[in-house]
Amino acid sequence: MSNIEKINVNDYQNIVVLTGAGISVASGIAPFRGPGGTWTEKDIDECATARALARNPQKVWDSFAFVREKSNKTEPNAAHKALAELEAKHPNTWIITQNIDELHQKAGSKNVIEMHGTIHRSQCMKYCSEPFVDREIKFHKCPKCGAPLRYDIVLFEESLDPKVMEQIYEVLESVDLFLVVGTSGIVYPAAGFVDMVSRTTKARIVIVNLEKLNYRGRVEQINGKAEEILPNLFAF
Ligand code: APR
């Protein structure tokens with residue numbers, strides 16, 4: 001990693017980091033795509049859509065149970081910790097994460113926007129109450145009304161919370177350093193953020209990913225493991 005030029009974070013006012021499943025791989029949570037990826041083994045239409053949930057809530061529950069189970073036990077890795085340190089030293093830092101594992105918060109990051117919700121809350125499918133903290137791995141029913149439970153996450157075919165999107169667009173409007181870590185850049189709307197930032201701001205855009213990705217626009221790519229690159233990337 002010594003040949004990677006450090007980013008002097010003091011040169012930037014507003015830092016935003018978009019993260020995806022790749023940042024949690026070193027914590028033992030499988031990614032969605034690529035080797036060992038959940039969607040290389042399971043069918044999205046059967047396991048991760050609004051229609052799948054309506055057909056078979058337990059199947060959807062069981063498909064994501066590994067994320068709850070692993071992240072109940074695992075710890076943030078060096079990449080999560082490097083981003084927490086970045087925020088501690090440069091408070092105007094925001095993380096937009098597609099991850100549902102809460103590992104950024106566990107590492108100490110406070111400015112975290114969870115785009116896709118969290119696996120650590122459940123919601124009654126009859127909406128008899130607010131989502132609640134839930135660590136149970138096995139599929140179970142709502143303790144209040146007995147309806148099936150679902151995770152408080154955004155499935156395919158579901159809309160993202162408009163308040164969350166508003167907050168995301170607000171932080172991206174003034175970004176001058178945009179880091180994109182461990183995401184394949186396939187799932188929208190997150191997949192469109194690089195292009196949007198590239199067109200609408202003068203921000204420096206740096207992608208940190210295991211493999212080279214096919215981005216248009218002005219981006220710098222650093223290829224390798226986030227947990228090895230991020231701890232050495234920032235100069236304060
Ligand atoms: N360091 C950096 N990058 C890594 C590492 C690592 N240690 N390991 C894997 N990667 C890269 C992979 O090469 C891949 O490009 O991380 C990326 C992970 O991509 P995905 O598995 O597609 O994860 P993500 O982009 O977060 O998925 C988006 O898809 O199913 C949905 O809702 C789910 O939020 C998820 C969304």
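## Two domains and a ligand

In this predicted model, 13 residues of domain 1 are in contact (heavy atoms within 4.5 Å) with 14 residues of domain 2. Domain 1 covers 1–28 + 76–115 + 160–236, and domain 2 covers 30–73 + 117–153; the bounds come from an automatic or database domain assignment. Their C-alpha centres are 25 Å apart.

Residues are numbered from 1 along each chain as its sequence is written. Local features need pLDDT of at least 70, side-chain atom pairs count only at pLDDT 80 or more, totals for chains, interfaces and linings use all residues, and side-chain values use heavy atoms, without hydrogens and water.

The ligand is surrounded by 22 residues (a heavy atom within 4 Å). The closest are Phe32, Arg33, Trp39, Thr183 and Ser184. Both domains supply at least three residues each to this shell. By class, the shell holds nine nonpolar, nine polar and four charged residues; Gly counts as polar.

Three polar contacts (N or O pairs within 3.5 Å) are listed here.

| Ligand atom | Protein partner | Distance |
|---|---|---|
| oxygen | phenylalanine 32, polar backbone atom | 2.7 Å |
| oxygen | histidine 116, side-chain N or O atom | 2.9 Å |
| nitrogen | glutamate 227, side-chain N or O atom | 3.1 Å |

Taken alone, the ligand exposes 740 Å², and the protein buries 95% of that (Shrake-Rupley method, 1.4 Å probe).

Note on methods: Polar contact = N/O pair within 3.5 Å; in protein donor to acceptor, adjacent residues only side chain to side chain.
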